[in-house]
Amino acid sequence: MLFAGLPSIPNTHAMFVLCLTLGALYLFKRDDIALETSSLAVIAVLTVYFAIFPYEVRGEELDPVTFFHGFGHEALVTVCALMIIGQAIVLTGALEPIGRTLSRMWKVSPSFSLLATLIIAGTLSAFVNNTPIVVLLLPILISVAIRTQSNVSGMLLPMGLATLVGGMFTTIGTSTNLLVVSVAADMGMERFGMFDFAPIVLPGAIVAMLYLWLVAPKILPQREATMPDTSPRLFSAYLHVGENCPLIGEKVSKAIKLTDGMIRIQSIQRGKDFHKLLPLPDTLIKENDRIHVKDTPDRLREYESVLKATLHSGKHKIDAEHPLDPGNQVLAEIVVILGSGLIGKTLKSANFSSEYGISAVALHREGKPMDIERQSIGSIPLRVGDILLVQGDADQIEELKSQQGILVVDGAAKVVQSEKAPIALGVLFGVVLMPVFGILPIVISAICGVFILLASRCLNWQEISSALSTQVILIVAASLALGAAMVSTGAAQYLAEIFVALSSSLPVGGVLAALMLLLAILTNIVSNNAAAVIGTPIAISVAQQLGAPAEPFVLAVLFGANLSYATPMAYKTNLLVMNAGGYQFSDFVKVGVPLIGLMWVTLSITLNLIYFA
């Protein structure tokens, strides 16, 4: 029989943890529920269940409070410290010389410059979170495409995927690596060194870089910019209240109601001197008032029709001879990136317009314009990777470039070189070299690095708080809690037994490859951190049942959880690249699936040659 070799059903607590894990993976991929909320719900449900229904491990009752230990786990502390150090690298402009060099190289040889860009992006990502690398290179590549009239879609996606490949080289390359290494060490395995698995990754990385350089740009279709110049602009205009206008004697709130809340009144001008009044809801509208509004041409015409007022631009009625004029307003595209204070907020609640003196015209999400219909852009909660078309004076747009957590993608973003850049780079090298030479563990060297950055005033506490991501913190804590519960209740052992039974016809090397492929599929659907933390104890159990060394199976989980190439939501930088390049979901599938196949085959062969040859 097909399922004759499957293990018997485990205990009630193990089944509960397995069901909760499935529920968690489902919640983590939902777009309509905040990842932070899902993570917190998982921790709450897990701890409440074990508090109400106690569970004994080797004769001792399992304390539910232990599931909160993930918040103080060394892996999470290290991840947070490295996010802060990455923020310092960005804010001090430490990577600007690399950006300038790459920009000059593109003028000489575009083909070899793309290869150099891929190699440099991958190398940097082995030591620094790849988000700052992508943020650095996006404007450079877009600027190059504009100057050379090249296809930008052939540059951005390969660059973004190259940073993911590079992140696999070291234990600090990605948060996924750190989590797998730490969880494996918690379970009794010898801790991996900084570069222990770099030789295994190298053959796959060489194959990946050649593919991204020579093949990917050719199979990617040419995509238009996400927001072309024909995107709607905002225009200032005046609605003149004539003698037949029904608004005479009515309150401002009536005008807002008639337009379904869409109209945004800037001010009301009254009398011969055009004295400005604040458009308070109770302000009465009088004959000959001029209502100052700002919106797209279509909506301005709609307001004119609904309110039965006359649309003017300056002193002239708007007609063929006196069209709408945006004046000195310019358009720019900005991307909300990790660390932004806008994440989870609406533009309205963040006072975006008054804070920066610019207006949002359109919102694109996952490469497509959002269908906002009658809802205001200001009422949409923002996510990482959202791209906004904004309008304002050139000086206001330039000032926006200095704001944290906002990437201005107009081909002209500049990073100001800071005299503190050498300090930030020195801290990064120190944090990496200390564990390499066995002087300090990475968690301690990273914390010391953050302290040095504070003491040298490379960062302040506000900048540190903006560098930390509540999403990362909570999903790591929730994943660690689930992983601990799976080990304690035997759920991990049960899943390992099922996996071994289903793959019993395969040799040990085949089971190893199958485990990596399973993680690769999972990481493109749900959070890669969750997949890695949950997969690590299963990998160790599989190795124990096969009588094989645990190390290659743990590495199979680590590598598989990093193969997040095939979907834009698989990794946060994929969304940044998708929006900036105007890519579609199918583009990631077209380029990412073959890349996963190449990496999977190469890494599987390398692991088998090293451990089972």
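Is R191 buried, partly exposed or exposed? I looked this up first and found R191 partly exposed, at 37% relative accessibility. I note at the outset that the model is predicted.

**Entry 1. Salt bridges**

I searched the whole structure for salt bridges and obtained 4. I then examined the one that involves R191, whose side chain meets that of E74 at 3.1 Å, N to O. R191 sits in the loop between α8 (175–186) and α9 (198–219), while E74 belongs to helix α3 (residues 74–91), so this pair ties together parts that are 117 residues apart in sequence. E74 is partly exposed, and its relative accessible area is 28%.

I next looked up K254 and E250, whose side chains form a salt bridge at 3.8 Å, N to O. I recorded K254 as partly exposed at 32% relative accessibility. For E250 the value is 30%, and this residue also counts as partly exposed.

A further salt bridge joins the side chains of D289 and R270, with an N to O distance of 2.7 Å. D289 is located in the loop between β5 (275–277) and β6 (290–295), and R270 in strand β4 (residues 265–270), so the pair ties together parts that are 19 residues apart in sequence. I checked the cover of both partners. D289 is buried at 1% relative accessibility, whereas R270 is partly exposed with a relative accessible area of 22%.

**Entry 2. Positive phi values**

I stayed with the loop between β5 and β6, which also holds N288. The phi of N288 is near 75 degrees, a positive value in a residue other than glycine. N288 is partly exposed, and I noted a relative accessible area of 46%.

K308 was the next residue on my list, with a phi near 55 degrees, again positive in a residue other than glycine. I located K308 in the loop between α11 (297–307) and β7 (310–313). Its relative accessible area is 57%, so K308 counts as exposed.

**Entry 3. Aromatic pairs**

How many aromatic pairs does a search of the whole structure find? I obtained 11. For Y49 and F53, the ring centres are 5.1 Å apart and the planes stand at 45 degrees, so I entered the pair as tilted. Y49 is buried, with a relative accessible area of 14%, but F53 is partly exposed at 44% relative accessibility.

I then turned to F50 and Y55, where the centres are 6.4 Å apart and the planes lie at 85 degrees, so this pair is edge-to-face. F50 is buried with a relative accessible area of 1%, and Y55 is buried at 15% relative accessibility. I followed the ring pairs further and found that they link F16, Y49, F50, F53, Y55 and F67 into a cluster.

**Entry 4. Helix α20**

I compared the expected and actual spans of helix α20 (residues 528–546). At 1.5 Å a residue its 19 residues should span 27 Å, and the end C-alpha atoms are 26 Å apart, which agrees. I also found a kink of about 30 degrees at G535, shortly before the proline P537. As for cover, 16 of the 19 residues of α20 are buried, so I describe the helix as mostly covered, given that buried means under 20% relative accessible area. Just after α20, G547 adopts a positive phi of about 70 degrees.

**Entry 5. L482 in helix α17**

I looked up L482 and placed it in helix α17 (residues 470–489). L482 is buried, at 0% relative accessibility. I then computed its separation from A24, which is 458 residues away along the chain, and obtained 9.2 Å between the C-alpha atoms.

**Entry 6. A nonpolar surface patch**

Which residues make the nonpolar surface patch of about 680 Å²? I listed F195, F429, L433, M434, V436, F437 and I439. I chose V436 from this list for a closer look and found it in helix α14 (residues 421–436). V436 is partly exposed, with a relative accessible area of 34%. This value satisfies the requirement that patch residues have over 30% relative accessible area.

How values were computed. Residues are numbered from 1 along each chain as its sequence is written. This is a predicted model: local features need pLDDT of at least 70, side-chain atom pairs count only at pLDDT 80 or more; totals for chains, interfaces and linings use all residues. Side-chain values use heavy atoms; hydrogens and water are left out. Patches are made of residues with over 30% relative accessible area and no salt bridge: like charges are joined within 9 Å, nonpolar side chains (Val, Leu, Ile, Met, Phe, Trp, Tyr) within 5 Å. Accessible areas come from the Shrake-Rupley method with a 1.4 Å probe; for residues, only the protein chains shown count as cover. Helices (H or I, at least four residues) and strands (E, at least two) are DSSP runs, numbered from the N terminus. Buried means under 20% relative accessible area, exposed over 50%, partly exposed in between (1.4 Å probe, protein chains only). Rings of Phe, Tyr and Trp (its six-membered ring) pair if their centres lie within 6.5 Å; planes under 30 degrees apart count as stacked, over 60 as edge-to-face and the rest as tilted. The expected span of a helix is 1.5 Å times one less than its number of residues. The bend at a residue is the angle between axes fitted to the seven residues ending there and the seven starting there.
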